[in-house]
Amino acid sequence: MSRANQRIVQVGFYPMAKTSPALILTTMEIQTLKDLYIKELKDLYSAETQLITALPKMVKAASNEDLAAGFKAHLEQTKEHAVRLETILKSHDETTHGAKCSGMEGMLDEGAEMIKEEADEEVKDAGLISAGQLVEHYEMAGYGTVVAYAKLIGDEEGAELLQQTLDEEAETDEKLTELAESLVNVTVGAK
């Protein structure tokens, strides 16, 4: 199948009758780089909205005050990331509606398992940092890709907004690394 004829299948529940929703398959054709760009923006939007729901749980689970504060600060940043994606999609006359980002869903499920773990506080914090860094690396890969796509299709404003988000994701990753090396893992290793 040629790339021009590939289709992305989106599954959604749409009310067909007043009593029960019906499952409908819709397709989004990806024929151009712009189509792929829009699809990836929607995927990132889904990832960010899932993270907005998960981060308060990570704040609550963190015993280290600096880690909790970092997760809380990233929550506010993540809300801004979602707004930027909305802005870019709107500039292309697109909505944020798309398939759920299954990659982020899987990583957040793993993070939720860590939250439930019966572990020493410092060990749990180390696990939360690990989960946070997995998410950051996933996001950095996604944002790096859409920055390149934006430039290739001539969306300079979108590229600037996406680069700003990519830079913030990298900063968050660096802060998590610093916490892992200086606060949490030093304490864990001493036990």
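**Close-up views of a predicted helical chain**

Residues 24 or more positions apart account for 68% of the contacts in the chain with a separation of 6 or more. The model shown in all views is predicted.

**View 1. Order of elements and surface of the chain.** Five helices and two strands make up the secondary structure. Read from the N terminus, the order is β-β-α-α-α-α-α, with both strands ahead of the helices. The chain has 191 residues, and 38% of them count as buried. Its exposed area is about 11000 Å², of which carbon and sulfur atoms supply 53%.

**View 2. The largest nonpolar core.** This core holds 22 residues, and the members that touch the most others are Leu 67, Phe 71 and Leu 128. Two or more residues come from each of α1 (33-61), α2 (65-91), α3 (102-116), α4 (121-153) and α5 (156-189). The largest contribution is that of α1, with six residues. In soluble globular proteins, nonpolar side chains tend to be buried together.

**View 3. Surroundings of Phe 71.** Leaving aside residues up to four places away in sequence, Phe 71 touches Leu 55, Met 58, Val 59, Ala 62, Leu 128 and Leu 176. Of these partners, Leu 128 is, like Phe 71, one of the core residues that touch the most other members.

**View 4. A second nonpolar core.** Apart from the largest core lies another one, made of 18 residues. Its members include Ala 82, Met 140, Tyr 149 and Ala 150.

**View 5. Helix α4 and the residue after it.** With 33 residues at 1.5 Å a residue, α4 should span 48 Å. The C-alpha atoms at its ends are 48 Å apart, so the expected span and the model agree. Gly 154 follows α4 and has a positive phi, near 85°.

**View 6. The two sides of helix α3.** The 15 residues of α3 should span 21 Å at 1.5 Å a residue, and the distance of 21 Å between its end C-alpha atoms agrees with this. Met 104, Met 107, Leu 108 and Gly 111 are the buried residues of α3. These four lie on the same side of α3 because they cover an arc of only 100° around the axis. Ser 102, Glu 113 and Lys 116 are exposed on the other side of α3. The cover over the buried residues of α3 includes α1 and α4.

Methods. Residues are numbered from 1 along each chain as its sequence is written. This is a predicted model: local features need pLDDT of at least 70, side-chain atom pairs count only at pLDDT 80 or more; totals for chains, interfaces and linings use all residues. Side-chain values use heavy atoms; hydrogens and water are left out. Buried means under 20% relative accessible area, exposed over 50%, partly exposed in between (1.4 Å probe, protein chains only). Contact means heavy atoms within 4.5 Å. Accessible areas come from the Shrake-Rupley method with a 1.4 Å probe; for residues, only the protein chains shown count as cover. A nonpolar core is a set of buried Ala, Val, Leu, Ile, Met, Phe, Trp, Tyr and Cys residues joined through side-chain atoms within 4.5 Å. The expected span of a helix is 1.5 Å times one less than its number of residues. The arc is that of the directions from the helix axis to the C-beta atoms.
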